[in-house]
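Welcome! Let's take a friendly walk through this protein model, one part at a time.

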Amino acid sequence: MKRQHLRQAALLKLVQRRRLSSQDEMVKLLRKSGFDVTQASVSRDVRELGLVRMNGHYVTTAGIATAESPNGAIPHGSELIISAEPVGANLVVIRTPPGAAGTVAVELDGMGEPEIAGTIAGDDTIFVAVRSRAAQGRVLALLKGAPSAAPRTTPGPRKESKQ
């Protein structure tokens with residue numbers, strides 16, 4: 001486990017210092033640094049470190065934006081979310097740059113927002129299941145960083161629908 005930690009630290013330094021456009025490049029540079037790595041281990045490290053590919057090269061999400069949004073919007077939202085649109089009554093579809101959907105979905109899930117039932121992320125698309133049409137509007141406002149979208153401190157009781 002210690003070797004993995006050292007490898008990931010070296011990978012972070014590489015990404016911060018150079019414009020790496022592929023995982024093959026990462027493998028070659030890590031091997032030059034003395035790490036016995038495969039593309040599979042680098043791929044796992046990229047995912048665990050939250051690296052995303054933007055504008056043709058890998059960056060850290062910290063390199064995109066470091067400040068938390070003061071109004072409750074997801075951090076990095078304006079940088080990683082290309083678009084968000086309602087679909088039906090209980091779904092929001094989010095588009096991101098290629099490779100960024102997983103990062104955004106993890107941030108959304110980690111917020112603990114009661115309006116979000118769950119997310120499914122692909123490479124550049126996220127499906128966000130919301131609890132109601134009203135919740136859909138609040139989540140869209142949250143994604144766009146609207147001040148009225150700040151997370152509620154005490155969620156109201158959920159009404160069960162009879163269908």
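## Two helices that cross

Let's begin with a pair of helices: H1 and H2 cross in a right-handed way. This is a predicted model, so please keep that in mind as you look around. In general, two packed helices are described by the angle between their axes and by the distance between those axes. Here the axes of H1 and H2, the latter spanning residues 23-32, come within 11 Å and cross at roughly 115°.

Which residues of H1 and H2 meet? From H1 come Arg 7, Ala 10, Leu 11, Leu 14 and Val 15, and across from them in H2 sit Met 26, Leu 29 and Leu 30.

## The sheet

Now turn to the strands. Strands of a sheet pair through backbone hydrogen bonds, and they can do so in a parallel or an antiparallel way. In this model, 4 strands make an open sheet, and the pairing is antiparallel. Reading across, the order is E3-E4-E6-E5. Strands E3 (83-87) and E5 (116-121) are the edge strands, each pairing on one side only. From one strand to the next, the twist averages 20°.

Take a look at E5 and E6 in particular. They form a hairpin, with 3 residues between them. E6 covers residues 125-130, and its antiparallel pairing with E5 runs over 5 bridges. Two bridge partners can be picked out: Ile 126 in E6 is the partner of Ala 121, while Val 130 in E6 is the partner of Ile 116.

## Helices on the sheet

Which helices pack against these strands? Helix H7 (residues 133-144) lies across E3, E4, E5 and E6. The direction of H7 runs at about 175° to E3.

## Two salt bridges

How many salt bridges does a search of the whole structure find? There are 2. One is formed by Asp 45 and Arg 7, whose closest N and O atoms are 2.5 Å apart. Asp 45 belongs to helix H3 (residues 39-49) and Arg 7 to helix H1 (residues 2-17), so this pair ties together parts that are 38 residues apart in sequence. Both Asp 45 and Arg 7 are buried.

In another salt bridge, the side chains of Arg 138 and Glu 115 meet, at 2.6 Å from N to O. This pair also links distant parts of the chain: Arg 138 is in helix H7 and Glu 115 is in the loop between H6 and E5, 23 residues apart. Is Glu 115 buried or exposed? Its relative accessibility is 6%, so Glu 115 counts as buried. Arg 138 has a relative accessible area of 38%, so Arg 138 is partly exposed.

## The nonpolar cores

Finally, look inside. The largest nonpolar core has 21 residues, and the members that touch the most others are Val 92, Ile 94, Leu 108, Ile 126, Val 128 and Leu 143. Strand E1 (52-54), E4, H6, E6 and H7 each supply at least two residues of this core. You have already met Ile 126 as the bridge partner of Ala 121.

Another core lies apart from this one and has 15 residues. Its members include Leu 14, Leu 20, Met 26 and Val 46. Leu 14 and Met 26 are also among the residues through which H1 and H2 meet.

Key:
Residues numbered from 1 in each chain as written. Predicted model: local features only at pLDDT ≥ 70, side-chain atom pairs only at ≥ 80, totals over all residues. Heavy atoms only, no water. Pairing = 2+ DSSP bridges. Axes fitted to C-alpha atoms, helices over the stretch in contact; angles between N-to-C directions. Contact = heavy atoms within 4.5 Å. Salt bridge = Lys/Arg side-chain N within 4 Å of Asp/Glu carboxyl O. Buried < 20%, exposed > 50% of the residue type's maximum accessible area, 1.4 Å probe, protein only. Core = buried A, V, L, I, M, F, W, Y, C linked by side-chain atoms within 4.5 Å. Left-handed = near helix turned anticlockwise from the far one by under 90°.
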